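Subject: Structure handover: ligand site, cavities and pockets

Hello,

Here is the structure for your next look. My notes on the ligand site, the cavities and the pockets follow below it.

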Amino acid sequence: MQIKTIVALQDALNKLNENKQIIGLVPTMGALHDGHLALIEHAYKDCDYVVVSIFVNPTQFNNATDLQKYPRNIKADIDLLHQQNPKTIVFTPSVEEIYQSGVVAETFDFGSITKFMEGEYRQGHFNGVGTIIKHLFTIVKPHKAYFGEKDYQQLRLIKKLVEITKQPVQVKGSPTYREVSGLAKSSRNKRLNKQELETATLLHKSLKFADKNFSKLTIHEIKEEVKKLFATEKQLDLEYFEIAAVDDLIPTETKVEGKKYRAFIAAVINDVRLIDNISLN
Ligand code: AMP
């Protein structure tokens, strides 16, 4: 079922709620791929009905060209979702439907988890994400909501958002779904040709290098090696490669015994910006 308005969606959800159905929400920006489908599959393990929102959220784009070029194909997305599970409720609102009082982002204080990496390189991005997810939680009132670890800072932000807003939703993370080559599935991959997709596997290779060598090398040494790898690949511009403890997500070069770390990477190939991350210990 495709629903475009908040009123029609809430009408459908009210009936499900009266019947004590567990409702899951999977927010997406469309151009769906197997990573999204895996997230939805995860949701169906815990929920009776899943709402998948498809909304390219203008307030989370810090770059107008990126917003304009973001791949959109609602018809193919809906077909794919209904092939996967005909019960899925596909919510496809317009920008006006969501931003009734103006296309502006609310300002949040998520603390250190959103200050670096994506927060540093995409100014305003996380306020846009917080704004749309808060809206969607208010509209859908899901029991559970599902987010990919591929956007790890985003996943952490959503957990923090729920703490701040006290919205009664359980936030769940799902592992990153990858191509056989290791490249993380992403809607943005659709803008790359075969050769570029091959070149882009360097992101995952760098993360795997960090994972393999985390106990042997210092963080500084790992970062230097990754920079060297990228220096040989002229088509790929490394934006950042950082290692951070998962508690604060502040990039560091010091390992503290007992702390958990992750490596984070962002790089641009042919104007297409890709991100990925991996757990290190
Ligand atoms: P997007 O449409 O890119 O905004 O992504 C919608 C949701 O799918 C977010 O929670 C993403 O983290 C998640 N997602 C995107 N790509 C992947 C992937 N390769 N594996 C798992 N989850 C993903």
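Start with the ligand. One of its nitrogen atoms is 2.8 Å from a polar backbone atom of Tyr177. Taken alone, the ligand exposes 480 Å², and the protein buries 93% of that. Please keep in mind that this is a predicted model.

Two more polar contacts involve oxygen atoms of the ligand. A polar side-chain atom of Asp151 lies 2.6 Å from a ligand oxygen. At Gly148 the partner is a polar backbone atom, 2.9 Å from an oxygen of the ligand.

The shell around the ligand has 17 residues. Met29, His36, Asp151, Tyr177 and Lys185 come nearest. By class, the shell holds 7 nonpolar, 7 polar and 3 charged residues. Three elements each supply at least two shell residues: strand 2 (23-28), helix 2 (34-46) and strand 5 (144-148). Helix 2 gives the most, with 3 residues.

Now the cavities. How many of 30 Å³ or more does the structure hold? There are 2. The ligand takes up space in the largest cavity.

That largest cavity has about 830 Å³ of space. Its lining runs to 46 residues, and Met29, His36, Lys150, Asp151 and Gln154 are the closest to its centre. Met29, His36 and Asp151 are also among the residues that come nearest the ligand. The lining divides into 21 nonpolar, 16 polar and 9 charged residues.

Which elements build this lining? Those that each supply at least two residues are:

- strand 2, strand 5, strand 8 (261-269) and strand 9 (272-279)
- helix 2, helix 7 (125-140) and helix 8 (152-165)

Helix 7 gives the most to the lining, with 6 residues. For the shell around the ligand, by contrast, helix 2 gives the most.

The second largest cavity has about 60 Å³ of space. Helix 10 (201-213) and strand 9 each give two or more residues to its lining. The residues that line it include Lys150, Leu183, Ala184, Ser186, Asn189 and Ala200. Thr201, Leu203, His204, Leu274, Ile275 and Asp276 line it as well. By class, that is 6 nonpolar, 4 polar and 2 charged. Lys150 turns up here and also close to the centre of the largest cavity.

Next, the pockets. The largest has a volume of about 250 Å³. What is the class make-up of its lining? The residues divide into 2 nonpolar, 3 polar and 7 charged. The charged ones include Asp66, Lys69, Arg122, Arg191, Glu239, Asp271 and Arg273. Asn62, Asn63, Thr65, Tyr121 and Val268 also line this pocket. Helix 3 (residues 64-69) provides the largest share of the lining, 3 residues.

The second largest pocket has a volume of about 190 Å³. It is lined by 13 residues. Phe108, Thr114, Gly119, Phe126 and Asn127 lie nearest its centre. Here the lining divides into 3 nonpolar, 7 polar and 3 charged residues. The largest share, 3 residues, comes from helix 7. Helix 7 also gives the most to the lining of the largest cavity.

Best wishes

Methods. Residues numbered from 1 in each chain as written. Predicted model: local features only at pLDDT ≥ 70, side-chain atom pairs only at ≥ 80, totals over all residues. Heavy atoms only, no water. Near = heavy atom within 4 Å. Polar contact = N/O pair within 3.5 Å; in protein donor to acceptor, adjacent residues only side chain to side chain. Areas by Shrake-Rupley, 256 points an atom, 1.4 Å probe, with all protein chains shown as cover. 1 Å grid on protein atoms, 1.4 Å probe; cavity = no way out; pocket = protein on both sides within 12 Å on 5 of 7 lines; lining within 4 Å. Sits in = over half its atoms within 2 Å of the grid points. Helix = DSSP H or I, 4+ residues; strand = E, 2+ residues; numbered from the N terminus. Points joined across faces, edges and corners; volume = space filled by probe spheres on them.
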